[in-house]
Amino acid sequence: MSGILRYALSSFLLEGAWIAIQITVLAMIAGLFLGLLLALMRLSRYKPVSSAAWAYIWLMRGTPLLLQLVFIYDALPRLGIRFGSITTAVIGFALNEAAFAAEFIRGGILAVNRNQSVAAASLGMGPVLTLRRIILPQAMRAILPQIANATISMLKGTSLASIIFVNELTFRAQQIIATNFAFFTVFIAAALLYVTMTTVVALLQLLLERRLDPELRTIGGRRSMLQMFLGIDRPSTAPAVAMAAGVTPAPDPRDSEPVPAAPWLNLVPDPEPEKPARDGQPFVVFTDVHKTYTLRGGHRREILRGVDLQVKRGEVVTIMGPSGSGKSTLLRLVNHLELLDRGEIMVAGELVGYRRDNGVLKPVRDLAAARAKARIGMVFQHFNLFDHLTVLENVMEAPVRVYGVDAAVARQRGMALLAKVGLAGHADHLPMRLSGGQQQRVAIARSLAIDPRLMLFDEPTSALDPELVGEVLAVIRKLAEGGMTMLVVTHEVRFAREVADRIVFMDEGVIVEEGPPEAVLDQPRERRTQQFLRVVQHH
């Protein structure tokens with residue numbers, strides 16, 4: 001045993017281990033960067049870009065690393081590029097690793113719900129910011145174990161670099177054996193060094209996994225784990241957080257039934273003085289809007305067929321109709337989450353994300369900036385909260401990252417909004433810890449945090465249990481009372497009757513009927529409207 005330790009601690013083998021570590025660290029950093037680039041290329045909508053990435057991955061995964069190292073070692077000098085053996089090894093390992101990293105990074109990105117990107121886009125976040133702040137942090141939980149495995153494999157595989165005369169650990173062990181023939185002792189010493197190095201990688205993986213676990217970043221998550229471990233229950237510290245932010249925390253909605261007339265429903269700031277609520281001027285104008293989707297097999301389906309609609313400032317327009325009638329698509333076109341095929345949509349007299357070029361509408365280059373400038377809040381059917389961020393972080397994200405609001409100011413405003421929707425006591429919780437109604441109220445607070453001029457609601461209650469619908473509708477009702485301009489897609493007839501200034505009924509991509517609630521709901525003129533209302537009112 002003493003002989004094994006003597007060799008393992010010898011400067012000769014330790015220097016070889018250090019060379020292996022250097023190659024691994026540098027090659028993994030470069031390989032992961034290139035892998036991310038290749039993964040994004042593979043996900044590109046442009047066929048030449050995705051095909052080029054696929055061809056590289058196919059070639060590098062299909063040929064042995066040993067041959068790649070020899071080729072690079074021999075090919076680069078022929079091109080007049082000369083590097084040392086270690087540099088050449090780093091390049092070879094990095095290029096090889098990039099092909100494998102691209103696929104597990106792509107898999108991690110695809111595992112993140114696409115609605116996370118849609119929600120980020122609706123808040124004015126650009127593709128790079130969305131990737132960095134929303135997609136990769138969630139994907140990393142799936143990617144990290146594979147990165148650790150790849151690092152360990154590369155660390156052990158650095159022995160292949162001896163083929164291009166890199167004097168690493170295994171090669172040095174062979175040199176010692178060539179002089180004393182102590183096969184067992186020397187190889188066990190080398191193996192001990194490899195095990196030590198790979199153990200460090202495994203421990204780093206565990207630490208990073210804990211750091212990336214959103215549950216462990218929250219007070220509530222740490223508390224729940226402690227409770228589970230010790231079998232005890234401790235009071236929440238979230239009210240203290242709320243008090244520290246200068247906000248009186250609202251009662252926990254889980255402890256009592258929500259009261260529609262509660263004080264926290266006073267959500268809306270005073271309307272801008274130069275733009276009074278309900279001034280009767282057109283604020284959103286749809287003109288001859290068309291949208292067609294191409295389905296699998298090349299089939300085309302026309303979703304919207306020449307929609308014309310005007311929404312006045314401060315008006316609440318409820319859009320109703322059967323599934324597939326184009327209601328949600330119409331909303332997504334307003335803030336350019338979908339491309340228009342024909343026609344135009346004006347918000348406050350401006351196009352959102354388009355410019356006119358010889359009378360033809362063309363998307364602007366910086367679409368994220370255009371969405372941010374428009375300040376259109378959108379609340380989705382399935383909430384689309386950012387799963388890895390706490391409730392407060394969800395509300396703060398767009399003000400800080402998109403609009404440049406100071407983090408302390410954004411935190412104070414976020415706590416105030418959460419208090420007004422009765423959720424200040426849940427500020428440090430993750431979305432998955434909330435009920436559906438609570439999540440939807442957080443989604444509304446997140447949209448209000450950008451000071452929207454227009455609010456879009458896409459079936460905000462359809463994913464909720466019946467007993468949770470009231471608390472969300474109460475928030476929207478209060479927004480309407482405050483003069484917020486709103487487009488609401490819903491099947492809630494009673495809500496539409498109470499809140500809407502006008503009801504628009506759509507079917508098969510066109511507006512069939514529109515008018516005041518009492519006219520459309522009580523005395524519908526069109527047969528299709530009558531049929532729909534009979535079905536809805538009996539459920």
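The exercises below concern one helix and several salt bridges in a predicted model.

**Exercise 1. Burial of helix H15**

Task: Determine how many residues of H15 are buried, which they are, and what they pack against.

Solution:
- Step 1. Helix H15 covers residues 391-401, and eight of its eleven residues are buried. The helix is thus mostly covered.
- Step 2. The buried positions are Val391, Leu392, Asn394, Val395, Met396, Glu397, Ala398 and Pro399.
- Step 3. These buried residues of H15 pack against three helices: H7 (127-157), H16 (407-420) and H17 (436-448).

**Exercise 2. Salt bridge between Arg356 and Glu344**

Task: Give the N to O distance for Arg356 and Glu344, place both residues in their elements, and classify Arg356 as buried, partly exposed or exposed.

Solution:
- Step 1. The N to O distance between the side chains of Arg356 and Glu344 is 2.4 Å. The cut-off for a salt bridge is 4 Å, and the pair is a salt bridge.
- Step 2. Arg356 belongs to strand E6 (residues 354-357) and Glu344 to strand E4 (residues 342-347), twelve residues apart.
- Step 3. Partly exposed lies between 20% and 50% relative accessible area. Arg356 has 47% relative accessibility, so Arg356 counts as partly exposed.

**Exercise 3. Salt bridge between Asp522 and Arg497**

Task: Find the elements that the pair Asp522 and Arg497 links, and classify each partner by accessibility.

Solution:
- Step 1. The side chains of Asp522 and Arg497 form a salt bridge with an N to O distance of 2.9 Å.
- Step 2. Asp522 is in helix H20 (residues 517-522), while Arg497 is in helix H19 (residues 493-499); the two are 25 residues apart.
- Step 3. Asp522 has a relative accessible area of 45% and is therefore partly exposed. For Arg497 the value is 37%, so Arg497 is partly exposed as well.

**Exercise 4. Salt bridge between Asp507 and Arg528**

Task: State which parts of the chain Asp507 and Arg528 tie together, and decide for each residue whether it is buried or partly exposed.

Solution:
- Step 1. A salt bridge joins the side chains of Asp507 and Arg528 at 2.9 Å, N to O.
- Step 2. Because Asp507 lies in strand E11 (residues 502-507) and Arg528 in helix H21 (residues 527-537), the pair ties together parts 21 residues apart in sequence.
- Step 3. Buried means under 20% relative accessible area. Asp507, at 12%, therefore counts as buried. Arg528, at 29%, is partly exposed.

**Exercise 5. Count and network**

Task: Report how many salt bridges there are, and which residues the network containing Glu103 links.

Solution:
- Step 1. The count comes to 19 salt bridges.
- Step 2. The network of salt bridges links Arg42, Glu103 and Arg106.

Methods:
Residues numbered from 1 in each chain as written. Predicted model: local features only at pLDDT ≥ 70, side-chain atom pairs only at ≥ 80, totals over all residues. Heavy atoms only, no water. Buried < 20%, exposed > 50% of the residue type's maximum accessible area, 1.4 Å probe, protein only. Helix = DSSP H or I, 4+ residues; strand = E, 2+ residues; numbered from the N terminus. Contact = heavy atoms within 4.5 Å.
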